[in-house]
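Dear colleague,

Please find below the sequence and the structure that I am handing over to you. My findings follow directly after them.

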Amino acid sequence: QSNKVEVVVFSAPSYACKRRTTLKNHNTLLTEALSILAESAELNEDEGRGVAFRRAAAVLKCLPKAVSSMEQLRGLPCLGDHSMRVIKDILENGASSEAESTKQSERFKALKVLTGIFGVGAKTADRWFREGIHSLSQLQESGHTLNQAQQAGLQFYDDINLPVSKTEADAISEIVEKAVHAVLPGAEITLTGGFRRGKLTGHDVDFLITHPEEGKEEGLMPKVVSWLESQGFLLYQKTTRNSYLESKDGPGRPASNMDRFERCLSIFKLTKDRCVGQKQGTKQSATPIESHVKTVCSLGDPTQAKGEGNSESLTGSCQKTEPNPQSHPHPLSQIHPSNLTLNVLGQEKSLDVDQAQTSGHKPWRAVRVDLVVSPVSQFAFALLGWTGSKLFERELRRWAGHEKAMSLSSHALYDNKQSRYLRASSEEEIFAHLGLEYIPPTERNA
Ligand code: DGT
Ligand code: MG
C-alpha cells in the first residue's frame, strides 16, 4: 500500500464547443470571481481581456468536481497567468481580492447601474460616468436626451433587472404562440436562448419563428407586432428588417456579428396572474383586463429622442449579462417621483415611484422579449445561433474558422475549401459538418 495522496488532475478540450457544460457548476466561487473580472473588462470595452476571463471561467464550469489545489489545474487549457492568480487567491484565502475590489469600485458599480438600462451599452455608460453621472437620479437630473429604448429602459428599470422565471417564459410563449398563429397559421415557434439550455431564469425570453413553407414567413413580424400591440401586450418594441439578401458580404460572412433576420426587441407587459403561481388548466383569455389601462410614465420629451435607435443593446457586449439583482443597489429609489405621471383610463395622477416601478404594487410586470423570424432553409443555423451560450457560439465560430476553414453564422455554413455552402436542416447536421460530436442545448452552458 502506498501513502501517496492521489491528486485528481483535470483535463478538458480547449474549445468550449467540444465540452459538455451542464448547469451543475462545482466551482461557483471561482467562476463568479472570473465572471466579475470578465464583466469589468467588457464594461471597459476590453474585449480580448473579457473573452480570456470568460474562457477561463467556462473551463472551470465543466469540471466534474470542485478544484481544491492548483496542482489539479496543470492539464487545463484557457487558464492564463492572471486567471491562475485569481484562482490561487480564492483557494488560499477564500476570496479573490481583485474581484472583491472590482465589485466595490465606484466605476464598476456605476457602469452596472447605467448598463442596466435597456438600450444603454458600455460606451454610453462610460461617457456618462466620465461626466459624473453615477446613478439613475443623476442621469435624470443631467437633462440628457434619452432615445425611446432608453426611456423605456428607465421606466421599467426594476422589472427588467428582475430575473424572468421559467413560468413567466412559458406564459410569454403562450402569448407569442397566440399572436403568431393568429396572423400565420402553421408557423412554428421555438423558445431559444438560456431557457432552451434548461436555465430556470433569464434576463429575457428569446423566440425563433419560422414556417415550414419557405417564403411564408416573409413580412410576418410587423403583423405579429400589430396583433400584440392591439391586445395591449407591448410596452415597447423596435423591429429591424431583414437585410440579409441585400447585404454585400454574403451569407456565412457577416460584416459584423449582428444577424440580419427580421428581429423585434420588445418589452412585454405580463399580467401577474400569468407570471406567478399560474394554475394548470386555468388559462385565461389572451386579452388581459388591464390591457385597457394605458400606463404612460413621462421621463422627458420622447419626441426629442429619435434616430439613435438602440443598436447599442445589440452590439454592446456587456448589455446582456447574467442577471444578479443582489449586486445592484436599488437605484430607482433615488428617482424623483415628480418626474413620473401615470395615465390611467385618461385620468392623470402623480405617481409614487414604488407604484410605478417596483413589481410588488402593480398587477403586471415588464419582461424583455426577443423575437426573431427565420426562413425555414436557415432555421437550423438560426436555432444553433440563438440558443447560446454566448461563449459556446463564439467557440463554435472559432472552431469552424480556425480548424475547419469554414464560416459559421446564424444564417449559413460556408466551406472555404470547397467554396460552397453546406446545407443543414438540423443542429445535428451542422455539428456533423463541423466534425464535432453533437452537444445538446442543456450541455451548451459554457
Ligand atoms: P439570458 O437571457 O441572460 O438567460 O441568457 P441567454 O443565453 O438567453 O442570452 P441572450 O438572451 O443574450 O442571447 C441568447 C443567444 O442569442 C446568445 O447565446 C447569442 C444570441 N444572440 C443574442 N443577441 C444576438 C445578436 O445580436 N446577434 C446574434 N448573432 N446572436 C445574438
Ligand atoms: Mg435570453
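**The sheet and its helix**

Helix α10 (residues 166–183) lies across β2, β4, β6 (262–271) and β9, and runs at about 120 degrees to β6. Please bear in mind throughout that this is a predicted model.

The sheet in question is open and is formed by 5 strands in the order β2-β4-β9-β6-β5, with mixed pairing. Its edges are taken by β2 (188–191) and β5 (234–240); each has a single partner strand, so one side of each is left without a neighbour in the sheet. On average, neighbouring strands are turned by 25 degrees against each other, direction ignored. Within the sheet, β4 (residues 205–210) and β9 (residues 364–373) run parallel and are joined by 5 bridges. F207 has L371 in β9 opposite to it.

One residue of the edge strand β2 deserves a separate note: L191. Is L191 buried or exposed? Its relative accessibility is 18%, and buried means under 20%, so L191 counts as buried. Leaving aside residues up to four places away in sequence, L191 touches K166, S173, R196, V205, D206 and F207. The C-alpha atoms of L191 and T387 are separated by 8.6 Å, although these two residues are 196 residues apart along the chain.

**Nonpolar cores**

The largest nonpolar core has 40 residues, among which L60, L76, I117 and W128 touch the most other members. At least two residues of this core come from each of α1, α2 (47–61), α3 (81–93), α5, α6 and α7. Which helix gives the most to this core? That is α1, with 7 residues. Both domain 1 (16–102) and domain 2 (105–145) are represented, each by at least three residues.

As for W128, its contacts beyond four places in sequence are L114, I117, V120, I133, L139, H144 and L146. A second core, separate from the one above, comprises 31 residues, including I172, M221, L270 and L371. L371 is thus a member of this second core and also the residue opposite F207.

Helix α5 (residues 106–115) is mostly covered, with 7 of its 10 residues buried. These are F108, A110, L111, K112, V113, L114 and T115. They pack against α1 (28–43), α4 (97–104), α6 (122–130), α7 (136–142) and α9 (157–160). L114, one of the buried residues of α5, is also among the contacts of W128.

**Aromatic pairs**

The structure holds 7 aromatic pairs. In one of them, F156 and W364 have ring centres 6.0 Å apart and planes at 70 degrees, so the pair is edge-to-face. This pair links distant parts of the chain: F156 belongs to the loop between α8 (148–155) and α9, while W364 belongs to strand β9, 208 residues apart. Both partners count as buried, F156 at 5% relative accessibility and W364 at 6%.

F431 and Y438 form another edge-to-face pair, at 5.1 Å centre to centre and with 80 degrees between the planes. How are its two partners placed, buried or partly exposed? F431 is buried, with a relative accessible area of 1%, whereas Y438 is partly exposed, with 26%. Together with F392, these two residues form one aromatic cluster.

With kind regards

Definitions and conventions. Residues are numbered from 1 along each chain as its sequence is written. Chains are lettered from A and ligands numbered from 1 in the order in which they are written. This is a predicted model: local features need pLDDT of at least 70, side-chain atom pairs count only at pLDDT 80 or more; totals for chains, interfaces and linings use all residues. Side-chain values use heavy atoms; hydrogens and water are left out. Buried means under 20% relative accessible area, exposed over 50%, partly exposed in between (1.4 Å probe, protein chains only). Helices (H or I, at least four residues) and strands (E, at least two) are DSSP runs, numbered from the N terminus. Contact means heavy atoms within 4.5 Å. A nonpolar core is a set of buried Ala, Val, Leu, Ile, Met, Phe, Trp, Tyr and Cys residues joined through side-chain atoms within 4.5 Å. Domain bounds come from an automatic or database domain assignment. Two strands pair if DSSP finds at least two bridges between them. Axes are lines fitted to C-alpha atoms, for helices over the stretch in contact, and angles run from 0 to 180 degrees between N-to-C directions. Rings of Phe, Tyr and Trp (its six-membered ring) pair if their centres lie within 6.5 Å; planes under 30 degrees apart count as stacked, over 60 as edge-to-face and the rest as tilted.
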